Amino acid sequence: MTRKNQTLGEFIIENQASFKYSSGELSRLINSIRLAAKVVNHEVNKAGLVDIIGAVGDTNIQGEDQQKLDVYANEKFIQTLTKRNIVCGIASEEEDDFISINSQDENNQNKYVVLIDPLDGSSNIDVNVSVGTIFSVYRRVTPVGTPVTLADFLQKGSKQVAAGYVIYGTSTMLVYTTGDGVNGFTLNPAIGTFYLSHPNMQFPKDGKIYSVNEGNYIHFPQGIKNYIKYCQQEEGDRPYTSRYIGSLVSDFHRNMIKGGIYLYPKSSMNSNGKLRLLYECNPMAFLAEQANGKSSDGFTRTLDVEPTELHQRVPFVCGSKNMVEKCEEFMRNSK
């Protein structure tokens, strides 16, 4: 039963039977993410007061400058998930390779792997714009009792058993799905508890917001250019409003509530797109579909893409169903 003002802990317990696998292990995993999110939230909210903003001088596997909070968030999520003995493997956008975790039970008895973007939008930290954490959960495909392998992480998005994000904004929210709808929980910082504030979140079928970095317009495929021009035409309920924060979590969250489309296509600068399939696109696509939205690369459903590498990049179009389908129509017609 879903009721407002439930704590996240109460919600997890009461809805455990709706999980595809109700061993309790997945519930404990979500609880661990909740704990790590509270720790990271505390640190994010101190940005500017202590020396935690700015770059550390290193780059991650993507070749991107690592921010101090990137490193901090990465460490906290890995520590929390490892110490609580819940998962058998973790892959992070900030790590070169996956991490195999030896269960302290007998021989790696844990069944889940987690893929995580510890701090999405971290380049916005210095200017006090919302950032977030994105996570994705799969059941391992290799035998329980053996170390995890790359195959456990290179699964189609349709195989996810849970996914979600934490948004550290004007309020801190944890939004997640286990394949039975999407629910959002807001942190009460006074007592450190997440409460159900947004039950059964849904994308409106249509929206009036398009989110894309129009500064890269010249580099986009013709189909995307044509769709952007369509969004700007004065006809019917158009032109749409352009809103782009540059933090996937923030743009997605706004569009899910208000109705809209998010576009990060391939370009002449990034021939495969820029967003990571496993850490960003798959979890957001799972959330979108569970919230009556849609996601694709412009042609193929995101959750059907077969991953071939840990840090694979793909084009990404996601949001209100009718808007995504209209964009796909422009893409098909421009081939």
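The charged end of Arg139 sits over the ring of Tyr112, 5.8 Å from the ring centre. Lys229 does likewise with Tyr217: its charged end lies over that ring, at 5.4 Å from the centre. The model is predicted.

**Aromatic pairs**

The whole structure holds twelve aromatic pairs. Two of them are set out here.

| Pair | Geometry | Centre to centre | Angle between planes |
|---|---|---|---|
| Tyr165 and Phe252 | edge-to-face | 5.9 Å | 80° |
| Tyr230 and Tyr240 | edge-to-face | 6.4 Å | 75° |

The pair of Tyr165 and Phe252 links distant parts of the chain. Tyr165 is in strand S7, and Phe252 is in helix H5 (residues 248-258), 87 residues apart. Both residues, Tyr165 and Phe252, are buried.

Tyr230 belongs to helix H4 (residues 222-232). Tyr240 is in the loop between H4 and strand S12 (241-242), so this pair ties together parts ten residues apart in sequence. Tyr230 and Tyr240 are buried. They also belong to one aromatic cluster, together with Tyr227 and Phe330.

**Lys156**

Lys156 is found in the loop that runs between strand S6 (131-139) and strand S7 (162-168). Is Lys156 buried or exposed? Lys156 is partly exposed, because its relative accessible area is 29%, and buried means under 20% while exposed means over 50%.

Which residues does Lys156 touch, leaving aside those up to four places away in sequence? The contacts are Tyr138, Asn282, Leu303, Asp304, Val305, Glu306 and Pro307. Glu306 is 150 residues from Lys156 along the chain, yet their C-alpha atoms are separated by 5.4 Å.

Methods:
Residues are numbered from 1 along each chain as its sequence is written. This is a predicted model: local features need pLDDT of at least 70, side-chain atom pairs count only at pLDDT 80 or more; totals for chains, interfaces and linings use all residues. Side-chain values use heavy atoms; hydrogens and water are left out. Helices (H or I, at least four residues) and strands (E, at least two) are DSSP runs, numbered from the N terminus. Buried means under 20% relative accessible area, exposed over 50%, partly exposed in between (1.4 Å probe, protein chains only). Contact means heavy atoms within 4.5 Å. Rings of Phe, Tyr and Trp (its six-membered ring) pair if their centres lie within 6.5 Å; planes under 30 degrees apart count as stacked, over 60 as edge-to-face and the rest as tilted. A charge sits over a ring if NZ of Lys or CZ of Arg is within 6 Å of the ring centre and within 35 degrees of the ring normal.
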